[in-house]
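This report walks through one protein model, from its overall build to a few chosen residues. Keep the structure open while reading.

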Amino acid sequence: MSADKKRVKKPNPTDPARVAAILDVLAKTYPGVVCALHHRNAWELTVATILSAQCTDVRVNLVTPALFKAFPTPKAMAAASLPELEALIRTTGFYRNKAKSIKGAAKVVVEEFGGKVPQTMEEILRLPGVARKTGNVVLGSWYGIAVGVVVDTHVMRLSRRLELTKQTTPEKVEQDLMKIIPQDRWIAFSHELIHHGRQVCAARKPKCMDCTLERLCNSSDKTWSSH
């Protein structure tokens, strides 16, 4: 028998049946999961997502109540001074840049969009401090519009561990995921993966024995394996 015939063909990790199985497990494990950032409207979610860069959602949720009490609307935040904003968001890290971003975003929302956060990716990307991740969070979680997949550190890590992508940048990971995940699952999928990354599939020591996706996972850094 030739060497070629002896080779066993490696299963395609992005095979539609495997992807469907992963989506099914996630949906059953995290039914009805929603964005972890506390918000009451699209503007508050926009601000919270900007603040969440390099910061935990828990920390952001501790900071935003006082911020929104002091400056409850885009108009109020646009009129705020940078020192006032910086003092309220200091513990989120990179507070000077974030203060400039949320003040600038507030100004654009007021002056260009009548005080309302726009509902298209093209328009929302015009807000200072807003990139595709924030755009996807707001459009998906508040407006229910699926134009892409939120790719944060958890989604990036788990998508690579599950071999759904080999890419290393959020933009390229998102492109790969959009090709294999049905569009009607884009919004929920990111929430489910983020929760799974926080609760089970940790970066340094994943809890593989407790993982509902373990039988579908062939990651090289698993801490336990059933197959």
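A crossing of two helices counts as right-handed if the near helix is turned clockwise from the far one by less than a right angle, and as left-handed if anticlockwise. By that rule, the crossing of H3 and H4 is right-handed. The model is a predicted one.

## Overall build

The protein has 12 helices and 0 strands. Along the sequence the pattern reads α-α-α-α-α-α-α-α-α-α-α-α. Its C-alpha atoms fill a box of roughly 75 × 30 × 30 Å along the principal axes. The chain counts 227 residues, and 46% of them are buried. The accessible surface is about 12,300 Å². Carbon and sulfur atoms own 55% of that surface. Take the contacts between residues at least 6 apart in sequence: 56% of them join residues at least 24 apart.

## The H3 and H4 pair

Helix H3 covers residues 42-51, and helix H4 covers residues 57-70. Their axes come within 10 Å. The crossing angle is roughly 135°. Angles over 145 degrees would count as roughly antiparallel, and 65 to 115 as roughly perpendicular. H3 and H4 are therefore oblique to each other.

Which residues of H3 and H4 meet? From H3 come Glu44, Val47, Ala48 and Leu51. From H4 come Val60, Thr64, Leu67 and Phe68. The residues of this contact divide into 6 nonpolar, 1 polar and 1 charged. A general point helps in reading such lists. An α-helix has 3.6 residues a turn, so residues three or four places apart point the same way.

## Helix H9

Is helix H9 largely enclosed by the rest of the structure, or largely open? H9 spans residues 132-141, and 7 of its 10 residues are buried, so this helix is largely enclosed by the rest of the structure. The buried residues are Thr134, Gly135, Asn136, Val137, Val138, Leu139 and Gly140. They pack against H3, helix H8 (121-124), helix H11 (170-180) and helix H12 (186-199). H3 thus appears in two settings: it meets H4, and the buried residues of H9 pack against it.

## Three buried residues

The table sets out three residues from these helices. Contacts leave out residues up to four places away in sequence.

| Residue | Helix | Relative accessibility | Touches |
|---|---|---|---|
| Ala48 | H3 | 0% | Leu37, Val60 and Thr64 |
| Thr49 | H3 | 3% | Leu37, Thr134 and Val137 |
| Thr134 | H9 | 7% | Thr46, Thr49, Ile50 and Gly129 |

Buried means under 20% relative accessible area. Ala48, at 0%, counts as buried. Thr49 counts as buried at 3%. Thr134 is buried too, at 7%.

Ala48 belongs to the H3 side of the contact with H4. Its partners include Val60 and Thr64, both listed on the H4 side. Ala48 also touches Leu37. The C-alpha atoms of Ala48 and Arg90 are separated by 13 Å, and these two residues lie 42 apart along the chain.

Thr49 sits in H3 and touches Thr134 and Val137, two of the buried residues of H9. Leu37 is a partner of Thr49 and of Ala48. From the H9 side, Thr134 touches Thr49, along with Thr46, Ile50 and Gly129.

Terms used
Residues numbered from 1 in each chain as written. Predicted model: local features only at pLDDT ≥ 70, side-chain atom pairs only at ≥ 80, totals over all residues. Heavy atoms only, no water. Axes fitted to C-alpha atoms, helices over the stretch in contact; angles between N-to-C directions. Helix = DSSP H or I, 4+ residues; strand = E, 2+ residues; numbered from the N terminus. Parallel < 35°, antiparallel > 145°, perpendicular 65-115°, else oblique. Contact = heavy atoms within 4.5 Å. Nonpolar A, V, L, I, M, F, W, Y, C, P; charged D, E, K, R; others polar. Buried < 20%, exposed > 50% of the residue type's maximum accessible area, 1.4 Å probe, protein only. Areas by Shrake-Rupley, 256 points an atom, 1.4 Å probe, with all protein chains shown as cover.
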